[in-house]
Amino acid sequence: MPSTIVSRSMRILGLALIAAVTWEACTRIQDQVTLGVPALSLRYEAPAIYAYDARGVHGIPFAHDGKFRINSIGFRSPELVPERETILCLGASETFGIAETDGKEYPRQLERRLNEAHPGRYQVVNGALPGERIEDIEVTLARTLKTTRPKYAILYASPGSAIWTAEQWDHLHPTPTSKDPPVERWGRFRLLSRLTSKIRAALPEPIQAWSRKRAVVAAIAAAHEIPASHLPESNFRAFSDHLERTLAVLAAAHVRTIVVTHANRFGPDGAVRDAQLETFRAFYPRLTDDGLFDTQRRFNAVLRRAARTRHLPVVDAARQIAPGSANFSDFFHFTDRGSARMAQLLADAVREEDVATGG
Amino acid sequence: MLFNSFAFLLFFPTVLAGYYMLRDYRQQNIWLLAASLFFYGSWDWRFLFLLLFTIVVDFMVARQIQRLRDASGSPGAQRLLLTASIVANLGVLAFFKYYNFFENNLNGVANWLHLPPTLPALHVALAIGISFFTFQSMSYTIDVYRGHLRAAERLTDFALFVSFFPHLVAGPIMRAVDLLPQIVHPRRTTREQVEGGIHLIVWGFWKKMFVADNLAPIVNDFFSRGNLSGFEVLVAAYAFAFQIYGDFSGYTDIARGVAKLFGFELTLNFNLPYLSASPQEFWTRWHISLSTWLREYLYFSLGGNRRGGFLTYRNLLLTMVIGGLWHGAAWNFVLWGLYQGVLLVGHRLLVPFFARLTVLAGTWRPVLRVFAIVVMFQFTCYGWLLFRATSLAQIASMTHALFFERWQIEPAQAWPLLVFAVPLAVLELAAGARLGFLQAWRRRLPLELRVAGYSVLAYLSIFLAAKPQSFIYFKF
């Protein structure tokens with residue numbers, strides 16, 4: 001009898017092992033197909049599509065990781081066509097479009113909208129990369145302008161530029177190099193981390209809420225800071241200085257800039273408050289909920305002031321894109337629908353500028 | 001509580017463990033009944049009263065009919081009782097499913113005639129699965145009246161027959177003659193049933209989560225856009241054909257698989273419907289439990305084909321229109337039902353021609369059948385377009401684009417069909433070509449290989465599934 005139990009248990013264990021090995025193989029095939037990560041690679045190393053080095057943040061020509069594809073000059077855009085009028089979109093992950101379906105990020109939707117009336121007249125260059133701050137834009141701007149020669153620039157800066165000053169950011173997030181590829185937490189067995197995140201996502205909401213709160217506490221502890229409801233004025237002064245210099249470079253290159261205020265899922269006054277607030281706080285442990293709304297107001301005030309001073313058009317996305325989950329997939333990033341709304345606002349602004357300049 | 005939810009992941013093993021801890025089948029029945037009521041109440045506990053009302057009314061009416069029959073009582077009284085049961089069931093259905101529809105349409109007509117509204121706006125909430133349990137309960141009373149079955153002795157047995165959770169909200173619509181005997185007698189779950197059950201559950205989840213849920217956003221996108229090209233309409237209709245098949249047959253497979261693990265056998269609801277060569281054949285392969293119900297309790301009651309000619313065609317059309325309306329309170333479902341009725345009538349009229357054609361085809365008969373299957377699939381897909389459309393205006397615009405506009409073929413639009421629909425079609429075709437693919441997989445392959453195969457399907461269902469969608473047929 002005991003031998004039967006042992007042999008049965010061994011058989012069940014064996015079958016469980018077959019299932020686990022099959023799933024690991026499936027994971028690796030999926031990585032190979034969608035991300036280009038070699039199935040037999042022992043380290044999980046997603047191909048980098050952009051680099052962060054002495055030249056600043058820049059896309060790696062011809063890189064692709066399944067969803068995102070970089071063109072020959074380092075942008076997530078089709079190849080440039082010389083005779084078309086170029087619109088350059090500057091910003092961070094919201095502009096790069098990390099959450100939307102491929103092709104639905106707002107620069108692509110803007111291009112389609114503009115070309116509806118004038119097929120082939122415009123091309124929109126997505127000049128943004130995830131994590132780009134205003135000073136990163138400033139560093140690479142001259143080179144970007146030289147390669148793209150835009151008629152208009154659209155600046156949709158991320159509030160991350162004001163939440164952390166450059167020094168604080170570098171201290172917390174040391175610049176990664178190609179020698180330090182991201183390694184999966186679970187080392188060589190890729191399945192486990194995927195399974196863990198799947199189980200987490202399937203857990204009932206109260207458990208997920210508790211888990212998010214724990215993540216916020218952990219992030220605050222790791223940041224070694226007390227969350228603030230009001231960031232120091234120096235952060236906004238620094239952002240304002242970088243913004244001024246960026247706008248000056250654009251003006252010097254005779255590029256008309258459209259400044260866009262920053263929209264988020266919660267609305268300018270925090271009308272929508274849902275679980276994404278905790279996700280936001282785990283991402284930006286420096287801020288309390290009120291700190292987010294205060295930062296957003298002051299950040300947008302800096303943008304509006306800069307545009308007013310330079311007589312630049314402003315698209316007030318903060319007020320014109322409805323808050324909530326229909327337009328935002330997380331706290332800042334758009335859904336396909338949110339991107340479509342953004343593209344609509346920008347297309348209207350570009351057309352108005354065309355009329356105003358007789359273009 | 002959807003089958004593809006975390007709650008069900010906890011619920012099902014708990015119910016299964018409790019079930020096998022009880023030795024007596026009557027205790028098991030009570031346990032399953034409690035679990036089923038909890039399952040239904042998890043959507044909205046208020047609708048439990050509706051379910052219980054249906055159960056109690058039909059149980060009592062059937063008992064009374066049985067008593068009269070045993071005492072050779074008057075057939076008139078039996079008929080009166082049956083009528084009361086039908087009125088009660090259809091009354092519940094009419095109010096909870098169709099009130100808003102009637103109210104909208106009647107008030108719309110009144111408004112058009114500049115008259116005051118005829119019905120108050122009550123905004124009645126739709127009870128999940130109401131059409132399924134009402135039809136099932138009604139069929140029981142009718143079968144008892146017709147003498148096909150003796151009325152159940154215990155209320156709990158009958159209540160479990162109506163509310164058994166695997167099939168409660170989206171079928172298959174079980175006939176009492178098939179399910180009640182399984183409830184009132186001791187059951188023994190065989191190894192074959194366990195294996196078959198697991199097979200059906202994994203297979204069903206793959207169809208639902210990988211095929212249907214991944215096609216859902218693509219279909220939604222097509223049907224939410226205006227001005228589709230003819231090619232896009234075609235892709236949308238094909239994609240929906242596979243979405244609804246994956247969704248509904250996936251649900252049925254899971255339901256049948258779950259029931260098997262409790263030792264119950266639920267009826268087959270789908271038998272490779274897209275391999276039908278005629279509308280008549282389609283309805284013997286698609287949603288078999290509904291088409292059987294409509295045939296047994298509606299078409300035959302209307303006279304079926306006994307009076308020939310015109311009356312047969314009228315009965316067919318009426319049955320299919322009511323079948324269409326059964327799906328939902330909207331004009332597009334009525335239109336879909338009418339379309340299916342017209343197809344059946346048209347096919348019936350052309351039967352002599354098809355018979356002649358088959359004789360002429362001689363050895364080319366298989367080719368003729370393949371051609372007929374392809375043509376029938378196009379008719380089916382146009383029907384799905386009527387079914388899925390959100391308004392009559394959309395139907396008109398899509399039909400116009402499909403038949404009267406110049407097509408612009410963009411192969412990129414069709415890639416989701418390649419990724420999600422083709423694997424399903426290939427596997428179904430393999431099964432349909434009598435290769436016994438699935439049976440061979442289950443019975444002949446070594447267990448280790450089968451586990452690997454199921455693991456691949458489970459991986460696709462879990463890790464490559466889109467955002468979970470509710471089952472389409474829940475709202476019917």
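**Two odd histidines and two nonpolar cores**

In this predicted model, H114(B) counts as exposed because just 6 C-beta neighbours fall inside 10 Å, and the exposed class takes in residues with 12 or fewer. H114(B) sits in the loop that links α4 (75-112) to α5 (130-146) in chain B. Its backbone is a bit unusual: H114(B) is not a glycine, yet its phi is positive, at about 60°. For context, most residues other than glycine have a negative phi.

A positive phi also turns up at H287(B), again a residue other than glycine, with a value near 40°. H287(B) is likewise a loop residue, placed between α11 (279-282) and α12 (288-302) of chain B. Here, though, the surroundings are crowded enough to pass the cut-off of 20: H287(B) has 23 other C-beta atoms within 10 Å, so H287(B) is buried.

Turning to the packing, the largest nonpolar core has 112 residues, and the members touching the most others are F161(B), L215(B), A237(B), A239(B) and F242(B). Helix α10 of chain B (residues 230-261) is the top contributor to this core, supplying 19 residues. The core also takes at least three residues from each of two domains of chain B, domain 1 (6-187) and domain 2 (192-475). Looking at F242(B) and skipping neighbours within four places in sequence, its contacts are V211(B), L215(B), F420(B), A421(B) and L424(B). Another core, of 58 residues, lies apart from the largest one, and its members include I87(A), A306(A), V315(A) and L346(A). As a general backdrop, nonpolar side chains in soluble globular proteins tend to be buried together.

Definitions and conventions:
Residues numbered from 1 in each chain as written. Chains lettered and ligands numbered in written order. Predicted model: local features only at pLDDT ≥ 70, side-chain atom pairs only at ≥ 80, totals over all residues. Helix = DSSP H or I, 4+ residues; strand = E, 2+ residues; numbered from the N terminus. Core = buried A, V, L, I, M, F, W, Y, C linked by C-beta atoms within 7 Å. Domains from an automatic or database assignment. Contact = placed C-beta atoms within 7 Å.
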